[in-house]
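Reader: I am new to protein structures and keep meeting words such as "buried" and "salt bridge". Could you take me through some of them?

Author: Gladly; let us look at the structure together.

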Amino acid sequence: MDGSHEVSLEESTEGRAGVSSEPKETPQDGQTAEEMAVLHEQDLLAAAQEKEGALEDAGEDAVLGHLWSPSETGSTLPSNWAETQDTTTSWTSLGENTAETPCLEDAEPLGPPPVLPESKETVSSPHSGWGQQETQQRSREDNQHDGSASLVWTARPGMLFQEDRQPSLHPLSLSWVLGYNSSLAVHSLMDGEDLVLLYVSSHTVVIHDILRNRQHHLQGHTNVISCLCVSEDRRWVATADRGPAALVIVWDSFSGIPVRTIFESRPEEGVSAIAISHDAKYLATISAGTVQRVCVWNWTLPTEEPLCSTELRLEFGYQDYVVFNPQNPHEFVSNSRTQVLFYLWDDGGLQYGAPLLSRKTFRSVVGHFSQSAFHFNSCQALTATSAGKMVVWDTGGPCSPSKEAQAKPHRVKAAKVVPLQQHSLTVLEVLESCIVTGDVEGQVTLYDGHLQLLTCCSHSKVGPIRSISFCKSPPDAPDTSSACSTSSSQPFVTRNFILSTSDATVLRVATDGTSSAKVLEEAKGAVSAIACHPRRALLALGTHCGLLRLWDYQHTQYLVSRIFPGASIQCLCYDPEGYSLAAGFTDGSIYILDAISLQSSCKEFKFSRGPVTHISFSHDSQYLATADEKNSVTVYKRVLQEGSRCWEHLAGLHSHHRPIRSILFGVQLDSDEPRLLSLGEDRRLVEYDLTSSSKDHLVVLHRDWVEQTAVPLCLAWYPQFSNESFILTANNCYKMKLYNTTTKTCRMTVLGPTYGSPLEKIQILPSTNTTDPQKHYLVYITKDKVGLQILPVDGNPHKSSAFICHPDGVSDLASSYDGRYVFTAGGNDCTVMKWEVNLNALDAASFLGGKDLIPFYNLLDGGREGEFFRELEDYFYYAQLRSHGIDTLETRQVSTYIPLEEIPSVMRAMGFYPSEEQIEEMLNEVKFSKYVDTGEQVTRINLEDLIKLYVNHRPAFGLSMTEIQRAFRVLGYDNEHGDKVIDRGNFLLLLQSRGEHMTEDELAQCLTTLLGKCPRGGGSDPDTCHPSGAAALAEEEIPEEITAEIFVTHILGLPIAEPEKRDIKKGEKAGSLVHEDTEASLP
């Protein structure tokens, strides 16, 4: 198997090293998509006009109004900006077809800028009168003579890469993206001296200058982008996503600014297809829901409502492609695999027709539809099929929107089916005088208007063609009206074009249509693993298709690649010396490779019982450990054989009964010997005795339970901030815990980052800071975000920051050896993102969040001045009185402390009901907080420390009704009404025999207090029990069958929140309400 592997050097990209422009702000949790989009636009404008002052936060309309109005940038517009040249085929600034707008010197035509939005009080309808538009045009022309214009108004092609890069204002900023979504089209923005491509990577639009090796990123979507389109002049780019709070964003590709955001396109389901009209004024969108809705938008108007819309019937199939008629913006066509639909819209609404076409129509197999387009003769439309045929539709000839045209979509019929080739057609493009197709064999074919073959271009070793993008006609071309030349015996395309394939390859095809060159080749499989070299600027990345590549992230170019046929890479790890790279595969095999050449250093190992999930080297590179999906740990050891060092299998052990979340090498405290730990979802932390282990016998030193109910998810060695050494873990309840490295006892619990999902992986960021060696940071990933955390951890939310990196899930995390960059792999989105670290920005955010207890006060409901804090303060002072005796007549000593024994009572009074183990952890945390330094135990706590203890230990999102109902589903049974219930007798038995066992007296005491049945004269003593006992009291007060709702409302006495109050805010009083179902519910 090893001999068949391909090893090849990557072609280096010409030009300078990667220089990326300043990324835009990435959405964070805690803000809606609408807020993020508006803030995004405002931040861009504020940065562009930094010298003139910050913009006011006035909402989307105000932002757009400023965007399109002249600004104080000092740039002067040409005096002939608004002069007319051709009154029949050009634009005004309002997007109407009146007069052509001249270009800036040496610039491409700018296309139609959007209208100047009015204030929200006077928003005009999509059909505003011409008088008001002319007034706006005159006002704009007057302002132009003042010698100033907005950034968008003065934007020119190529300006994205002309400006000097400004320092990032965010802790993490996107610097480079590897890979792209090969299921979407790749567009050519510029050709010739500049080769600039536009493509989609996950939720980011990338503008890539290929020749100069630079990228600019358009960020604003919080979900993976599902579709995009580009205007004819390549200036306006429209993107849409699919998921919660879906957006449609229109970008100016010249300046990189989002000029329009549509929030209410289909927020609950997203968009499956989008198209922009030839005049760049209108957008057509098709929703991604089960019942699809087609909408037409005038994106130049500041309205959130479409001009017209209609719903499609399910029988038409899933419509996933749409395109406008270039000769009539009121007409467009869409298709699914089985049905083509023709649309016509006007002021009266949107109508569509569904012409019939089956195998019986022309007595031939048609195949599935792929893409459709309008013929340049204006009376026909075309649809390519999977059978290699072209369906020609008779649309009835050109006609303008009128009463006569209202029936046009219903008159469309299939005129003929023309067999073109045997291979399936995947792409269809219609230019001014020729028709272009692409197929599954990588072949591009050109036809004339009668579908007669002109020429074809074959590209070997490429996959099915996904898109064809022709560059704009050269401005000095003798005849730019024709895309194809037929004057010679060998016709050729007069424009270069970009070809993208479904296997993530992009080719540039020259004007003669025969020569081509690869300009981009990315991984076509899911990127499952990444690892950074410990001493050089190198990143190794592995994919599920068996491709292993080495990337120089300083010069942004691939160096070496290797293919493992039929294998899938699952994990990667460099040894600390930087000589070897270990790779784990889904078939259980392990390869140890040279770190640079990727050649095998020794034979393949296959001792794992299942797919390898984790792999790690010891600090001295003497041991290698792996974990697999069968919950086993396998250890390899480097030995000396015949004068050379090689690796051999030592031993393996099935050490966990649930998935292993992390394996970690460390160093013994009293020696330089390595130590190995593994952490599993079975809540066990296992330490192995490597010194005592022998061939096929792995010795376990300790097995420790680290959680009671939560599930631990990740593990790391905590930096040495004191004389005590710790291990840091994070669990699925958004808590981070510190465990003593020797005793494994929990020494501290703090609230971790709460950005939508728990931490999945954590790493200590490498530090090169010699001025402050005690300054450390933690880098982490959640389900879809990457973030930084200032150490030491204390629960302060302002010491953490997170950004969306891969909305569909992050598969791996790596940090550069110098801590300057963080890398994330997106798994199925086939991308790797390089993030630049700015620790000063994170420190500044933490400083602005406040010192001492200010951040913790804000986590309480109402803050420092709220009712909740006053209630907590009252309980604290009441606990002081209780500790001295309520009825004592002796002189009381004034103190700001309470005994540690009062902590559980105060916590329960505030609605947090800790278990006995949690109480013990809280008491030990305070009791031994100064023991290592002073040798003394702490016996009391003040109010400030009590607040921190409460905030860090209480549930991150309060009680969840979902969790209680889940418990009843596990422990209960279905009654005659179909409800999950627990029998009263079994309920009492469970409380006394499962979990933390309660004695009958303890149970009677609890029920007495909860049901308010204290005996007469019993007073307020919580230790008072009902004289009849728990069983008798339960029989009197508790129904025979207990549901989750009865347990919550009748026994616990907690209200259940209304459906409209489901969302839980950070800092709410834990346990004060039981929420029926929230996103914060823990798995």
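Author: Let us start with Arg882, which counts as partly exposed because its relative accessibility is 31%. Buried would need under 20% and exposed over 50%, so a value in between gets the middle label. Please keep in mind that this is a predicted model.

Reader: Why is Glu902 called buried?

Author: Its relative accessibility is 10%. The cut-off for buried is under 20%, so Glu902 counts as buried.

Reader: What makes the contact of Glu902 and Arg882 a salt bridge?

Author: Their side chains meet with 3.4 Å from N to O. The rule asks for a Lys or Arg side-chain nitrogen within 4 Å of a carboxyl oxygen of Asp or Glu, so this pair qualifies. Glu902 sits in the loop between strand E60 and helix H8, while Arg882 is in helix H7, 20 residues apart. In general, side chains of opposite charge can pair when their charged atoms come close.

Reader: How many salt bridges does that rule give?

Author: The count comes to 22. One of them joins the side chains of Asp843 and Lys775, at 3.1 Å from N to O. Asp843 belongs to helix H5 and Lys775 to the loop between strands E53 and E54, with their positions 68 residues apart in the chain. Lys775 has a relative accessibility of 32%, so it counts as partly exposed. There is also a network of salt bridges that links Asp194, Asp209, Arg212 and Arg214.

Reader: How do you know that the salt bridge of Glu921 and Lys737 ties together separate parts?

Author: The side chains meet at 3.5 Å, N to O. Glu921 lies in helix H9 and Lys737 in strand E51, so the pair ties together parts that are 184 residues apart in sequence. Both Glu921 and Lys737 are buried.

Reader: What makes His953 buried or exposed?

Author: The value for His953 is 7% relative accessibility, and that is why it counts as buried. This residue is found in helix H11. Setting aside residues up to four places away in sequence, His953 touches Lys735, Thr749, Phe912, Met922 and Glu925.

Reader: Why is H12 called oblique to H16?

Author: The two helices, H12 (residues 961–971) and H16 (residues 1044–1052), pack at an angle of about 125°, and their axes are 9 Å apart. Roughly perpendicular covers 65 to 115 degrees and roughly antiparallel starts over 145, so an angle that fits neither range, nor the one under 35 for roughly parallel, is oblique. That makes H12 oblique to H16.

Reader: Which residues meet there?

Author: From H12 come Met961, Ile964, Gln965 and Phe968, and from H16 come Ala1044, Glu1045, Phe1047 and Val1048. Sorted by class, this contact has six nonpolar, one polar and one charged residues.

Reader: How do you know that Ile1042 is buried?

Author: The relative accessible area of Ile1042 is 0%, so it is buried. Ile1042 lies in strand E65, and its contacts beyond four places in sequence include Phe968, Val981 and Phe1047. The C-alpha atoms of Ile1042 and Val981 are separated by 5.2 Å, although the two are 61 residues apart along the chain.

Reader: And what share of the protein's residues count as buried?

Author: Of the 1083 residues, 55% count as buried. The protein has 16 helices and 66 strands.

Terms used: Residues are numbered from 1 along each chain as its sequence is written. This is a predicted model: local features need pLDDT of at least 70, side-chain atom pairs count only at pLDDT 80 or more; totals for chains, interfaces and linings use all residues. Side-chain values use heavy atoms; hydrogens and water are left out. Helices (H or I, at least four residues) and strands (E, at least two) are DSSP runs, numbered from the N terminus. Buried means under 20% relative accessible area, exposed over 50%, partly exposed in between (1.4 Å probe, protein chains only). Axes are lines fitted to C-alpha atoms, for helices over the stretch in contact, and angles run from 0 to 180 degrees between N-to-C directions. Contact means heavy atoms within 4.5 Å. Ala, Val, Leu, Ile, Met, Phe, Trp, Tyr, Cys and Pro count as nonpolar, Asp, Glu, Lys and Arg as charged, and the others, Gly among them, as polar.
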